[in-house]
Amino acid sequence: MAIPVSYNIRNLKLRKGLTIMTALGIALTVTTAIFIMALLAGLNKAFASSGDPLNVLVLRKGSTAELSGGFDASLLPTLRNLPGIAKDKNGDPTVSGEWVVVIVLPRKDGTGEVNVTVRGMMPDGLEIRRPKVNLVEGRWFTPGQREVVISDSIHKRFANANVGDSLAFGKGPWKVVGIFDAGGSAYESEIWGDVNQMASDFDRQGGYSSAYLRATDPVSADALKHRVSDDQRLKLEGMLETEYYEKQTRSGAPIKFVGLLVGIIMAIGSSFAAMNTMYAAVAYRGREIATLRVMGFSRPSILTSFVFESLLLSLLGALVGIVLMLPFNGMTTGTSNAVTFSEVVFSLRMTPTVVGYAILFAIIMGLLGGLAPAWHAARQNILTALRG
Amino acid sequence: MTLTRFVTKSAFRNKRRSALTVLSISFSLLLLTLMMTIWRSFYMDQESEQSSQRLVTRHKVSLTFALPMFYRQKIRAIPGVTNVVPVSWFGGLYKDEKPENFFAQFGTDPEEFFKVYPEFQMPSDQFSAWQHDRAGVIADSELAKKFGWKIGDRIVLKGTIYPVDLELNVRGIYKAPVPTQSVYFHWKYVEEAVSWAKDTAGTFGIMADSPQNVTKVASAVDDNFRNSPQPTKTESEKAFQLSFVAMLGNVKAFILSICLAVVFATLLVSANTMAMSIRERTREVAVLKTLGYTRGTVLGLFVSEAVVIALLGGLVGVLAAIGIVQAMAHASGTGLFLTGMKVTPATMLVALAVSALVGFISAMVPSYHAAQVDIVEGLRYIG
């Protein structure tokens, strides 16, 4: 026969101070774990949602990122004539030769400088990205003008980044004419302008660092990718844009490493604390447990009851931890992209998976902390305990 | 029985509880020490004498832009500059794309390299062998150990930024005071192989004649190139390294919040234990007071007991942290950020002080209540 749950709840309520303090300790651990998991979830989301499976990115062979080197502009017409490319509104192939550079901008809060990606693109470049990117303020840049559009997060995080302001980089000021929202993707950390203007500003005429081709459908995207890579004359490599960003998720490796370390150490510490509390609970109730045994409750039911109590305690902690973290949900931050060295902006995301893992984490702590004391409680000698 | 003996005896009268508390506190303190060590090596480390005399010049726009090689002679002419070498990031792949096989690779000029980095130790025969082999490379001793490189070995670096695969011969293995996990080769090799890399350098390493002149040299260099097509940004080596830490994001806030959470959690654990153990002894307190112990002494006894337990936890934690840092600094694949990290005596002292303080604060409230207990009430208390 099982011991009623209300018995455990009443017990937890009886030793309020002890319960609250232990639960708070677990809550802090859970909060830290959620914080780190939410960071990683946000970062993964930034990369996972980036790129469009219909876009084929073309880089020089051997190069791993848009930033590393480039290829001659004379190769672009060859790319343009490849089969399987969608037509743009003028009936031409949707192809954008682009220049990507990294510039340094000071953070608004004065905590240092950040590398920001500046991308020069052809008019088709905007069309290629339109499905993923929305204009929230102003207008898109006009080709041939010293105009840029900036992402919403750059607008929020850097000084002088409003529509109408000027950003100084390259050979002079660039007018900000619009702000776009990239929905948490890697574009969220970029500044866009006309490719020819950019190239001349950075003395990079006559070449492109990458090219984007818009395929008509997923099958031709795949064929296009192979066609680019297999062409011996081009010495270029084609990949789906989604594949390119997938590789960059390793930027989260340092956070993951530190996070795992912190999470595990804190969890072990908290398990010991929970164990302490549960041992005390068992010790206080030696007589009570013996009485329960006399009344006919079996050892297994006492064991389950105490493990359950420990679980309740840790779940309470998890709940508090989750509530403590809620205000931070959606907070944006940035880290360095390990591939491009530029900043990638992402937000803390408490996804259901993160919350699920946090609860699982708390359950493990509760089990670790509760098993030994519960075992101890179940094994007590009835007579000695009754006398004690 | 002396009071000290009384304290230690009562601290461990409930062995299991004390052990669990000590363990719990030690894990928290372990984490705290790790975080402080990371903080220290990022923001506070005393740089070596040579490092404080060194500067790095890069393109003002960003590191991804190269500088013209003729800048080297111009920088050399600036008063206060003793030596200048090109240091260009190659960013190639060794074996494969796995992060554990990644390390820093720089192209430089062997003639002057050791004048700018005098703290790197290498036998002179290896030095001349490196100088005379255009395809020669020298490797950090820790890195050479990790990959099992010996003098004469051939390593291939597959270019990602530069379209060239470097076939290099290991000519020397140098020892750096702080492991660098880097290799250095002749930049000329790349310049000859890649037309657009000719006469360029990624950055310049500059040795100033004294640490006091570093700021002066930095602004002199930048002034010199202010109006040229490739303006420069020159800063001390430490500042240059810090800019990489800054790129990781708001590391300071991240570490601080973890530290705060850890300290607070420790406080809770310790307070919890003390509350439990003091409540059990209400009767004992009354007996002590009957025997003539004053409130102050009783208070002191309990507080010292908590401090002893917390300190012990702190000690175990710090010792574990030293072991972990040692293991991480020498392990492969943990990245360049953790190389050369050490737990300093100051960090240990701070960690121990924090644990003692935590013990002290956690015992204050329950001990105060215990000391206030009315003797008759206390004697009647049955727990």
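This is a short walk through a predicted model, with stops at three residues of chain A and at the largest cavity.

Let's begin at A:Ser96, which sits in strand S3, the stretch of chain A that covers residues 95-106. With a relative accessible area of 0%, A:Ser96 falls under the 20% cut-off and therefore counts as buried. What does the side chain of A:Ser96 meet in a polar contact? Its partner is the side chain of A:Glu98, at 2.7 Å. A polar atom of the A:Ser96 side chain also lies 3.3 Å from the backbone nitrogen of A:Met122. If you set aside residues up to four places away in sequence, the residues that A:Ser96 touches include A:Met121, A:Met122, A:Asp124, A:Gly125 and A:Ile128. Further along the chain, A:Ser210, A:Ala211 and A:Tyr212 also touch A:Ser96.

Now move over to strand S9 of chain A, residues 190-194, where you will find A:Glu190. Is A:Glu190 buried or exposed? Its relative accessibility is 5%, so A:Glu190 is classed as buried. Leaving out neighbours within four places in sequence, A:Glu190 is in contact with A:Thr117, A:Arg119, A:Ile150, A:Ser151, A:Ile154, A:Phe180 and A:Tyr245.

Strand S9 also holds A:Trp192, and the side chains of A:Trp192 and A:Glu190 are joined by a polar contact of 2.8 Å. A:Trp192 is buried because its relative accessible area is 0%. It is worth tracing the path from here to A:Val100: the two residues stand 92 residues apart in sequence, yet 9.4 Å separates their C-alpha atoms in space.

From single residues, let's turn to the empty spaces. Searching the whole structure gives 7 cavities of 30 Å³ or more, and the largest of them holds about 180 Å³ of space. Its lining consists of 24 residues, and those closest to the centre are A:Gly269, A:Ser270, A:Ala273, B:Ser24 and B:Val269.

Which helices supply at least two residues each to this lining? In chain A they are helix H2 (16-48) and helix H9 (253-284), and in chain B they are helix H2 (15-44) and helix H10 (251-280). Helix H9 of chain A gives the largest share, with 8 residues. As for the character of the lining, 13 of the residues are nonpolar and 11 are polar, while none is charged.

Definitions and conventions. Residues are numbered from 1 along each chain as its sequence is written. Chains are lettered from A and ligands numbered from 1 in the order in which they are written. This is a predicted model: local features need pLDDT of at least 70, side-chain atom pairs count only at pLDDT 80 or more; totals for chains, interfaces and linings use all residues. Side-chain values use heavy atoms; hydrogens and water are left out. Helices (H or I, at least four residues) and strands (E, at least two) are DSSP runs, numbered from the N terminus. Buried means under 20% relative accessible area, exposed over 50%, partly exposed in between (1.4 Å probe, protein chains only). A polar contact is a pair of N or O atoms within 3.5 Å; within protein, one must be able to donate a hydrogen and the other to accept it, and residues adjacent in sequence count only if both atoms are side-chain atoms. Contact means heavy atoms within 4.5 Å. On a 1 Å grid over the protein atoms alone, a cavity is a set of points where a 1.4 Å probe fits but cannot get out, and a pocket is an open set with protein on both sides within 12 Å along at least five of seven lines; lining residues have an atom within 4 Å of a point. Grid points are joined across faces, edges and corners, and a volume is the space filled by probe spheres set on the points. Ala, Val, Leu, Ile, Met, Phe, Trp, Tyr, Cys and Pro count as nonpolar, Asp, Glu, Lys and Arg as charged, and the others, Gly among them, as polar.
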